[in-house]
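Got the model open in your viewer? Keep the selection box handy, and we'll walk through it stop by stop.

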Amino acid sequence: MAASHSEREFKAEVLIINMIMKMKSMIKTRDEEQIKNEVAKEIAQLINAITTGQIKISTSYEDPNPLLSCCLSEPIMSKMVTSRLDYQPNIPELLRVKHFSDWMLNIYLGNFTEFMKMINSMNEHELKQHLNMRETAMQFGAVFHVVQGAIDNSAGSHLHVLNRTVHSTVEAKHLQILEKLLELGADVNSCDIAGREALFYCASADPL
């Protein structure tokens, strides 16, 4: 999507800090239900701002500032991360404005055929860039996409049917993609906005 004249681009860290400060000024309680509701409202506003062209989140090629992980003990930050912020590739409006790259979507959906076509069309520099690329406010990279995609597209997930309704192709060949990513040297120790590695979500009993 071409940026409108009013669109502002934010680094994920700056956006998250702004959201936390705004909510801390409004929420004067530690009541979990109220925090959950306020976070949901803030994320809805974030998604609306993205889909209406008001803001754009910068793509990054390195781990987020590790200092943000210190905020995980803060209930607001914890709820924000659990809600996955704008990392919701089954919302048609986000797909319409091309909020997610084809690289990310093919990995998330386990579309091994298209993934390999992309790999084979890249030169060495382009491949390295894509392997290091972090997207959305969650700052998820390639290994995160394949792990989260495998979780979301498994038969037991509530997103299993939704993803197959929204997307025309869901091959769900996440294991093959993961093997190829590791072969290409993807960093399994890269961290997201919360300072967590992809293995955290893979091993979590209550995944995002």
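A salt bridge here is a side-chain nitrogen of Lys or Arg within 4 Å of a carboxyl oxygen of Asp or Glu. Keep in mind as we go that this is a predicted model.

**Stop 1: Arg84 and Asp152**

Select Arg84 and Asp152 and show their side chains. They meet in a salt bridge, with N to O at 2.9 Å. Now zoom out to see where the two partners sit: Arg84 is in the loop between α3 and α4 (92-96), while Asp152 belongs to helix α8, so the pair links distant parts of the chain, 68 residues apart. Are these two buried or exposed? Both Arg84 and Asp152 are buried.

**Stop 2: Arg134 and Asp63**

Next, pick Arg134 and Asp63. This is another salt bridge, and its closest N and O atoms are 2.3 Å apart. Arg134 sits in the loop between α7 (124-132) and α8, and Asp63 in the loop between β2 (55-57) and α3 (75-82), so the pair ties together parts that are 71 residues apart in sequence. Turn on a surface and check each end. Arg134 is buried, at a relative accessible area of 6%, whereas Asp63 comes out as partly exposed at 34%.

**Stop 3: Glu38 and Lys41**

Move to helix α2, residues 32-51, and select Glu38 and Lys41: both lie in this helix, three residues apart, or about one turn. Their side chains form a salt bridge as well, at 3.6 Å from N to O. Lys41 has 49% relative accessibility, so it counts as partly exposed. How many salt bridges turn up in the whole structure? A full search finds six, and the pairs you've just visited are among them.

**Stop 4: α1 against α2**

Stay with α2 and bring α1 into view. The two helices pack at an angle of about 140 degrees, their axes 11 Å apart. That angle makes α1 oblique to α2, and the crossing is right-handed. To see the contact, select Leu15, Met19, Lys22, Met23 and Met26 on the α1 side, then Glu38, Val39, Glu42, Gln45 and Leu46 on the α2 side. Color them by class and you should get six nonpolar, one polar and three charged residues. Glu38 should look familiar: this contact residue of α2 is also the salt-bridge partner of Lys41.

**Stop 5: α1 against α3**

Keep α1 (residues 12-26) on screen and add α3. Their axes come within 10 Å and cross at roughly 125 degrees. These helices are therefore oblique to each other, and this crossing, too, is right-handed. Which residues meet here? From α1, take Ile16, Met19, Ile20, Met23 and Lys24; from α3, take Ile76, Met77 and Met80. The set divides into seven nonpolar, no polar and one charged. Notice that Met19 and Met23 of α1 appear in this contact with α3 and in the one with α2.

**Stop 6: α8 against α10**

Now select residues 142-152 for helix α8 and 174-184 for helix α10. The axes of α8 and α10 come within 10 Å, crossing at roughly 165 degrees. That makes α8 roughly antiparallel to α10, since angles over 145 degrees count that way. The crossing of α8 past α10 is left-handed. On the α8 side, show Ala142, Val143, Val146, Gly149 and Ala150; on the α10 side, show His174, Ile177, Leu178 and Leu181. By class you'll find seven nonpolar residues, two polar and no charged ones. While you're on α8, you can spot Asp152 again, the helix residue from the first stop.

**Stop 7: two backbone oddities**

Last, switch to a backbone view. Most residues other than glycine have a negative phi. Click on Gln139, in the loop between α7 and α8: its phi is positive, near 55 degrees, and it isn't a glycine. With 1% relative accessibility, Gln139 counts as buried. Then jump to Ala172, in the loop between α9 (159-166) and α10. Ala172 has a positive phi too, of about 55 degrees. Is Ala172 buried or partly exposed? Its relative accessible area is 34%, so Ala172 is partly exposed.

How values were computed: Residues are numbered from 1 along each chain as its sequence is written. This is a predicted model: local features need pLDDT of at least 70, side-chain atom pairs count only at pLDDT 80 or more; totals for chains, interfaces and linings use all residues. Side-chain values use heavy atoms; hydrogens and water are left out. Axes are lines fitted to C-alpha atoms, for helices over the stretch in contact, and angles run from 0 to 180 degrees between N-to-C directions. Helices (H or I, at least four residues) and strands (E, at least two) are DSSP runs, numbered from the N terminus. Angles under 35 degrees count as roughly parallel, over 145 as roughly antiparallel, 65 to 115 as roughly perpendicular and the rest as oblique. A crossing is left-handed if the near helix is turned anticlockwise from the far one by less than a right angle, and right-handed if clockwise. Contact means heavy atoms within 4.5 Å. Ala, Val, Leu, Ile, Met, Phe, Trp, Tyr, Cys and Pro count as nonpolar, Asp, Glu, Lys and Arg as charged, and the others, Gly among them, as polar. Buried means under 20% relative accessible area, exposed over 50%, partly exposed in between (1.4 Å probe, protein chains only).
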